Amino acid sequence: MEKLARKQVQALTPYLSARRIGGSGDVWLNANESPFDNEYKTNFTRLNRYSECQPKDLIEAYASYAGVSAEQVLTSRGADEGIELLIRAFCEPNQDAILYCPPTYGMYAISAETIGVERKIVPLTQEWQLDLTAIQAQLDNVKLVFVCSPNNPTGNLIKREDIVALLEMTQDKAIVVMDEAYIDFCPEASTVDLLEQYPNLAILRTMSKAFALAGLRCGFTLANEELINVLLKVIAPYPVPIPVAEIACQALSEAGLARMKYQVLDLSANRAYLQAGLSMLQGVTVYDGWGNYLLIQFPEGDAMFKAAWDNGIILRNSLIKDCVRISIGNRDECEKTLSFIRNQISAIA
Ligand SMILES: *Cc1c(COP(=O)(O)O)cnc(C)c1O
């Protein structure tokens, strides 16, 4: 049957998510999930009826949280669906291109490939910042420029002045898509205030990370009304299941937001604990991280990843030489991970 599939799809390698890679053990710090398993009341009626395309309560709750108007919000099946909708709505297959700057999140490339849209790749600089000159030279046919900040997997923020320069450079030509999946861990770094000034800005958000709802599959795109209306043309008629909208609304209630903020503080303390502990180890570099994860360079990154894996501590290896990404878990998971790594390093030394 595979030969019946589109050529582009036959050639595709699916995204190797942490879930697909698997592993076995009791410390799971590979998918940037939250360690908090919050409880929700689930008492649903009227499931015989279709959901609203864009549930009003949910859109209003997120608009209020993000500080934008309801017309500037679109909800979808995770931020990943937002990525796909943007490409489907704005890029002509076999003609237009997206541009992104690795090392970064893998789904921009996969979605573009699936849809048959060219990918232009302009690596981040040594400091993991935008190479604006190189981007400018590559903008022909580019409709979407994806920028992830805090960047996954490096953890750093992209400089605001560079984002503004990119928005200026692409005005009337391309849309800058800011992937703010981790922005709830550093809300002051959001570009949401730039929406007013730049109609070519779109921002991706998710309930999967700070809101501890990765399994819910709920994300948002923020942009001006005209751009949102374009996305509404290509979205499925009933993209958000009724239980998803109800649970997301609970998470965005006053109590839900307070809990999220408390949990962000807790995770930030654990991140500081892990960062301080790992930085003291010989030959280990810990990069500053603004999300719920840290990128760590070891003398032998692959060996460290493998050793942890064999001991039931599941981390995420990375394409960056000798680097391993560690999600911030609860304090117990962070302690176990730190002490395991400390013992490994002193065993080599
Ligand atoms: C996790 C993640 C996403 C996807 O979020 P979902 O809402 O779970 O689809 C998007 N971008 C980045 C950078 C991520 O790390």
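Helices, of at least four residues, are DSSP runs numbered from the N terminus. The model used in these exercises is predicted.

**Exercise 1. The ligand shell**

Find how many residues surround the ligand, and which helix gives the most to the shell.

*Solution.*
Step 1. Collect each residue with a heavy atom within 4 Å of the ligand. The shell holds 13 residues. The closest are Ala79, Tyr182, Thr206, Ser208 and Lys209.
Step 2. Sort the shell by class. Five residues are nonpolar, four are polar and four are charged.
Step 3. Assign the shell to elements. Helix H4, residues 78-90, gives the most, with three residues.

**Exercise 2. Polar contacts and cover**

Identify polar atoms of Ala79, Tyr182 and Ser208 that lie 2.6 Å from a ligand oxygen, and say whether each is in the backbone or the side chain.

*Solution.*
Step 1. Take Ala79. Its polar atom belongs to the backbone and is 2.6 Å from an oxygen atom of the ligand.
Step 2. Take Tyr182. Here a side-chain polar atom sits 2.6 Å from a ligand oxygen.
Step 3. Take Ser208. Again a polar side-chain atom is 2.6 Å from an oxygen of the ligand.
Step 4. Compare each distance with the cut-off. A polar contact needs N or O atoms within 3.5 Å.
Step 5. Add the cover. On its own the ligand has 380 Å² of accessible area, and the protein covers 94% of that.

**Exercise 3. Cysteines**

Count the disulfides, then place Cys53 and Cys186 as buried, partly exposed or exposed.

*Solution.*
Step 1. Apply the cut-off: two cysteine sulfur atoms within 2.5 Å. The count is zero.
Step 2. Check Cys53. The nearest cysteine sulfur is that of Cys218, 13 Å away, and Cys53 is in no disulfide. Its relative accessible area is 28%, so Cys53 is partly exposed.
Step 3. Check Cys186. The nearest cysteine sulfur belongs to Cys148, at 11 Å, and Cys186 is in no disulfide. With a relative accessible area of 1%, Cys186 is buried.

**Exercise 4. Trp290**

Locate Trp290 and give its exposure class.

*Solution.*
Step 1. Trp290 is in the loop between strand E9 (285-286) and strand E10 (293-297).
Step 2. Its relative accessibility is 37%, so Trp290 counts as partly exposed.
Step 3. Look along the chain. Ile183 is 107 residues from Trp290, yet their C-alpha atoms are separated by 8.3 Å.

**Exercise 5. The annotated region**

State which residues the UniProt domain annotation covers, and the helix and strand content there.

*Solution.*
Step 1. The unreviewed UniProt entry annotates residues 41-339 as "domain: Aminotransferase class I/classII large".
Step 2. Over residues 41-339 the chain is 38% helix and 17% strand.
Step 3. The end C-alpha atoms of residues 41-339 are 38 Å apart.

Conventions:
Residues numbered from 1 in each chain as written. Predicted model: local features only at pLDDT ≥ 70, side-chain atom pairs only at ≥ 80, totals over all residues. Heavy atoms only, no water. Polar contact = N/O pair within 3.5 Å; in protein donor to acceptor, adjacent residues only side chain to side chain. Areas by Shrake-Rupley, 256 points an atom, 1.4 Å probe, with all protein chains shown as cover. Helix = DSSP H or I, 4+ residues; strand = E, 2+ residues; numbered from the N terminus. Nonpolar A, V, L, I, M, F, W, Y, C, P; charged D, E, K, R; others polar. UniProt positions renumbered as here; feature names shortened; annotations may be inferred. Buried < 20%, exposed > 50% of the residue type's maximum accessible area, 1.4 Å probe, protein only.
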